[in-house]
Amino acid sequence: MPTGKKKRKKSLRGMDNSLLEEAVGIADNRGRVVVVVEDCVETSGAFVLHHFLKRSLHPDSSDVVVFIAFAHPFSHYDRILRKMGCNLTVQRKNQRFLFLDMLTLECPDRNEREAREDGLLALYGEIEKAVEIYSSLEGSRTITIMIDDVSLMEVAANGSSNHVLDFLHYCYSLKEKYGCSFVTLNHEDIYSSANTLPLILQPEYLADVIIKAEPLATGLASDVHGQLTVLNKGSACDLGGSSSKVRNFHFRVKENNVDYFYPGTRT
């Protein structure tokens, strides 16, 4: 009996995760896609980034993650992923997880324009070099580049939106050159001026999948933390056809996993 309960519990968790997986449309852990995760002050989308991080580092694969962190130190992600059953410290030692800590990145006031550009170019050079090395190793693998988060990258670049956009385009080019996946987190509701709006529109244009985390339209609920809207433009979908597909469902973030469910189906 206990064994049966454990299997049933595991099955239910798989169903929860599969709702997001099906919406994104990546099959058999081999998708090369550009995913843009957008959230807002009321509803964080960080858990979606954690989901992709754990997925990429699954023990049955040889995939690699290059993680560019502007938001938190390594200990933050390590603590969260341990609760989800993924040890980032071990993955780091196994050279499957490259963590680039950008919290201490500073662009000097001296000759600001060149400093901003040189800082991001140096970062891109480091990423490209790592991707090139990982791609040259034997075995089939997907290299995923993750950025948390784009808005703080703009802060690190002293507010230079153009340089951030150039950097994102450079990283996007690695998908074509090396078959990388690319996942970014951005805060949609902080861009109110026309000058910074491209930091939302350009990543959306480049994305294969856009995932928006938003509060419930009906207000707060104790057992539902928000809703996800997943727009799959078709290039990541294995179902055939090229038309965009939109999925909407609710989520509840727990300590070690996330429940995904359609409105009215939660018991």
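Biologist: Which residue stands opposite Glu-38 in β6?

Modeller: In this predicted model, Lys-212 of β6 is the residue opposite Glu-38.

Biologist: How do you know that β1 and β6 pair?

Modeller: Two strands count as paired when there are at least two bridges between them. Strand β6 (residues 209–214) has 4 bridges to β1, in the parallel sense, so the pairing criterion is met.

Biologist: And what makes β1 and β5 a pair?

Modeller: The cut-off is again at least two bridges, and 6 bridges join β1 to β5 (residues 181–187), so these parallel strands pair as well. One place to look is Asp-39, whose bridge partner in β5 is His-187.

Biologist: Why is β1 called largely enclosed by the rest of the structure?

Modeller: Because 6 of the 6 residues in β1 (residues 34–39) are buried. Val-34, Val-36 and Glu-38 point one way, Val-35, Val-37 and Asp-39 point the other way, and all are buried.

Biologist: Let's turn to the cysteines. Why is Cys-86 called buried?

Modeller: Buried means under 20% relative accessible area. Cys-86 has 6% relative accessibility, so Cys-86 counts as buried.

Biologist: How many disulfides does the structure hold?

Modeller: The structure holds 0 disulfides. Take Cys-171: the nearest cysteine sulfur belongs to Cys-180 and is 9.2 Å away. A disulfide needs the two sulfur atoms within 2.5 Å, so Cys-171 is in no disulfide.

Biologist: Is Cys-171 buried or exposed?

Modeller: Buried: its relative accessible area is 1%, and the cut-off is under 20%.

Notes:
Residues are numbered from 1 along each chain as its sequence is written. This is a predicted model: local features need pLDDT of at least 70, side-chain atom pairs count only at pLDDT 80 or more; totals for chains, interfaces and linings use all residues. Side-chain values use heavy atoms; hydrogens and water are left out. Buried means under 20% relative accessible area, exposed over 50%, partly exposed in between (1.4 Å probe, protein chains only). Helices (H or I, at least four residues) and strands (E, at least two) are DSSP runs, numbered from the N terminus.
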